[in-house]
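Please work through the exercises below with the sequence and the coordinates open beside you. Each task is followed by a solution that goes step by step.

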Amino acid sequence: MQLTVLLSLLFLLSTATTITYGHNITSILGKHPSLSTFNHYLTLTHLAGEINRRTTITVCAVDNAAMSEILSKKPSISTIKNILSLHVLLDYFGTKKLHQIRDGSALAATMFQATGSAPGSTGFVNITDVKGGKVAFGPKDNGGSLDVFYVKSVEEIPYNISVIQISKLLPSDVAAAPTPEPSAMNITDIMSAHGCKVFADTLIANPDASKTYKDTIDGGLTVFCPLDDPFKAFLPKFKNLTASGKESLLQFFGVPVYQSLAMLKSNNGIMNTLATNGDKKFDFTVQNDGEDVTLKTRGTTAKIVGTLIDEQPLAIYSIDKVLLPKELFKAALTPAPAPAPVEAADAPKSSKHKKPAADDAPSDSPADSPDGDAADQAADDNASVRLDGGRVVAMVLSLCLGLLLL
C-alpha cells in the first residue's frame, strides 16, 4: 500500500512542473491553407507573438480572398496591423458562447483598443446573435451596421483561445486610416500617453539625446522607458549627473535595432545601446524567465511590463525600474565593507573615519543608488539558487522509494 501511494505521488509531482497550456496561433492557422494570408500578416505585424502571450482571447480570421481585397489598396504594414488587431478580441468566444450571448448582444474590447491607437471606444466590436441562428459582428464606430457574419469555428481551446472564421474583414475607417512613416512618429508623445511622461519630458529637455533617438528610428529603434513613479523617484540622482552623464543615461534606454518582444525572448544576452561608444560600453543583459523579459545591469534588474508600440522599425516598451549603467554608478555597485569583528564591539569607537578614495566615486554620478536596488539585486542573486519545490519533493520521495525497495 505504502509503495503504491509513493509511486503515485512521485508521478504526479514529477510531472506537475512540466504541464503547460500555451497555444500557437501560427500553428493553428497553418492547418488551414485558405487562411494562409491572414496567418502570414499576423506574423509580419508581430501580432502572432502578442496573441500567443495572451489567454482568454478570440481571433477572427478571414480567408485569402478577403485579405486580397484590403491588400489591393496597398496599405502600410502599420495600417495592416491596426486592421488585424481589431480582429483579436480580448475575451473568449467559442461557438457555444456566440450562440448564447446574454441579451443577444455583447461588446468586446480588441487588441486595437488595448494598444491605445484607437481613439475613444472605436476599438470595440459589437457581437449580436441575430435571427436565423446567425451571429453578426461590427465595429462600434460603424453606425450600428452588422454585415460581417460568423462562418465556422477553426479551433477552440476552451477559455484559453478560440479561433473562428468570419465572412470578411471588419470595416473601420479608424483602423484603416493611413499611419505616419516611422520618422514622423513622435516617440515622446507615445511615451507620455502610456505612463512614461516623466522620462519623455526629461528626454525632450535634452536636445542632443532627443536628436539621437529621432535620427535612429528609420534604421531600427527599440526603447525601454521607465514608468513615471520609478523615474520620478530617480530624478534627484539624475540631476546630480554631469551634462554628458545625463545625455548618456537617457541614451542608455535606447537600442539602435528593432526588437519585437518575441525577438527579445529568443535573443538573450548582452545588448549595446545608443550610449555605447568605444570603451564606454553602456550595455545591459536581456534575459527571459517564462513570459517575463528582464533587463539587467550589475546593480539593477528591470522587467518589461508593457508594449507601447511595436511597428517595425520602432518598438517601445515600458519597464518597472530605472536601469543604472555601471559606467555612471560604479560606487553604487561596489560591495559594502564587511562588518567589524564581534570581539571589538565593546571597544571605544574612533571619532575618525577613513576618507573614501577619490577613485571610488564616479565622476558622473552620485555615490548611492536608488533606494531598494541593492535589495532587489540580492533577491535576484538568491533566486538563482532556488530549486523548484515540486522537484525537491519528488527527489525526496524517490529517495524514500529507493529505501523501501532495498
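The exercises that follow concern a predicted model, and they deal with sheets, helix pairs, cores and a few single residues.

**Exercise 1. Determine the strand order of the open sheet that contains β3, β4 and β5, and name its edge strands.**

Step 1. Strand β3 (residues 105–109) is joined by five bridges to strand β4 (residues 124–129), and the two run antiparallel; within this pair, Ala108 has Val125 of β4 as its bridge partner.

Step 2. Strand β4 is in turn joined to strand β5 (residues 135–139), again antiparallel and by five bridges, with Asp129 standing opposite Val135 of β5. In the hairpin that these two strands form, five residues lie between the strands, and Gly132 takes a positive phi near 85 degrees.

Step 3. At another place in the sheet, strand β1 (residues 57–61) pairs with β2 in the antiparallel sense over two bridges, and Val59 has Val88 in β2 as its bridge partner.

Step 4. Put together, the open sheet has seven strands in the order β2-β1-β7-β6-β5-β4-β3, with mixed pairing. Its edge strands are β2 (88–89) and β3, each of which pairs on one side only.

**Exercise 2. Find the order of the open sheet that includes β8 and β14, and state in which sense these two strands pair.**

Step 1. The order of this seven-stranded open sheet is β9-β8-β14-β13-β12-β11-β10, and its pairing is mixed. At the edges, pairing on one side only, are β9 (254–255) and β10 (269–271).

Step 2. Strand β8 (residues 221–226) and β14 pair in the parallel sense over six bridges, and in this pair the partner of Phe224 is Tyr317 of β14.

**Exercise 3. Identify the residues that touch the most other members of the largest nonpolar core, and describe the surroundings of one of them.**

Step 1. The largest nonpolar core has 51 residues, and Met191 and Ile316 are the ones that touch the most other members. Strand β14 (residues 314–319) gives the most to this core, with five residues.

Step 2. Not counting residues up to four places away in sequence, Met191 touches Cys196, Lys197, Phe199, Ala200, Leu203, Val223, Cys225, Leu308 and Ile316.

Step 3. Apart from this core lies another one, of 45 residues, which includes Leu35, Cys60, Val125 and Val163.

**Exercise 4. Classify the mutual orientation of α10 and α11, and then that of α12 and α13.**

Step 1. The axes of helix α10 (residues 197–204) and helix α11 (residues 207–216) come within 6 Å and cross at roughly 105 degrees. Since angles of 65 to 115 degrees count as roughly perpendicular, α10 and α11 are therefore roughly perpendicular to each other. The contact is made by Phe199, Leu203 and Ile204 of α10 together with Pro207, Ala209, Ser210 and Tyr213 of α11.

Step 2. The buried residues of α10 are Val198, Phe199, Ala200, Thr202 and Leu203, and they pack against α9 (187–192), α11, β8, α12 and α13.

Step 3. Helix α12 (residues 228–239) and helix α13 (residues 243–251) pack at an angle of about 150 degrees, with their axes 10 Å apart, which makes α12 roughly antiparallel to α13. Here Phe231, Phe234, Phe238 and Lys239 of α12 meet Lys246, Leu249 and Leu250 of α13.

**Exercise 5. Describe how Asn268 is placed, and which residues it is in contact with beyond its sequence neighbours.**

Step 1. Asn268 is found in the loop between α14 (261–266) and β10, and it is partly exposed, with a relative accessible area of 38%.

Step 2. The side chain of Asn268 reaches the backbone oxygen of Leu264 at 3.0 Å, and a polar atom of that side chain lies 3.2 Å from the backbone oxygen of Lys265.

Step 3. Leaving aside neighbours within four places in sequence, Asn268 is in contact with Val286, Gln287 and Asn288. The C-alpha atoms of Asn268 and Asn288 are separated by 7.1 Å, although the two residues are 20 residues apart along the chain.

**Exercise 6. Decide whether Lys74 is buried or exposed, and do likewise for Tyr159.**

Step 1. Lys74 lies in the loop between α5 (64–71) and α6 (77–85), where its phi is near 55 degrees, a positive value in a residue other than glycine. Its relative accessible area is 73%, so Lys74 is exposed.

Step 2. Tyr159 is found in the loop between β6 (148–157) and β7 (161–166) and has a positive phi of about 65 degrees although it is not a glycine. With a relative accessible area of 66%, Tyr159 is exposed.

Definitions and conventions: Residues are numbered from 1 along each chain as its sequence is written. This is a predicted model: local features need pLDDT of at least 70, side-chain atom pairs count only at pLDDT 80 or more; totals for chains, interfaces and linings use all residues. Side-chain values use heavy atoms; hydrogens and water are left out. A nonpolar core is a set of buried Ala, Val, Leu, Ile, Met, Phe, Trp, Tyr and Cys residues joined through side-chain atoms within 4.5 Å. Buried means under 20% relative accessible area, exposed over 50%, partly exposed in between (1.4 Å probe, protein chains only). Helices (H or I, at least four residues) and strands (E, at least two) are DSSP runs, numbered from the N terminus. Contact means heavy atoms within 4.5 Å. Two strands pair if DSSP finds at least two bridges between them. A polar contact is a pair of N or O atoms within 3.5 Å; within protein, one must be able to donate a hydrogen and the other to accept it, and residues adjacent in sequence count only if both atoms are side-chain atoms. Axes are lines fitted to C-alpha atoms, for helices over the stretch in contact, and angles run from 0 to 180 degrees between N-to-C directions. Angles under 35 degrees count as roughly parallel, over 145 as roughly antiparallel, 65 to 115 as roughly perpendicular and the rest as oblique.
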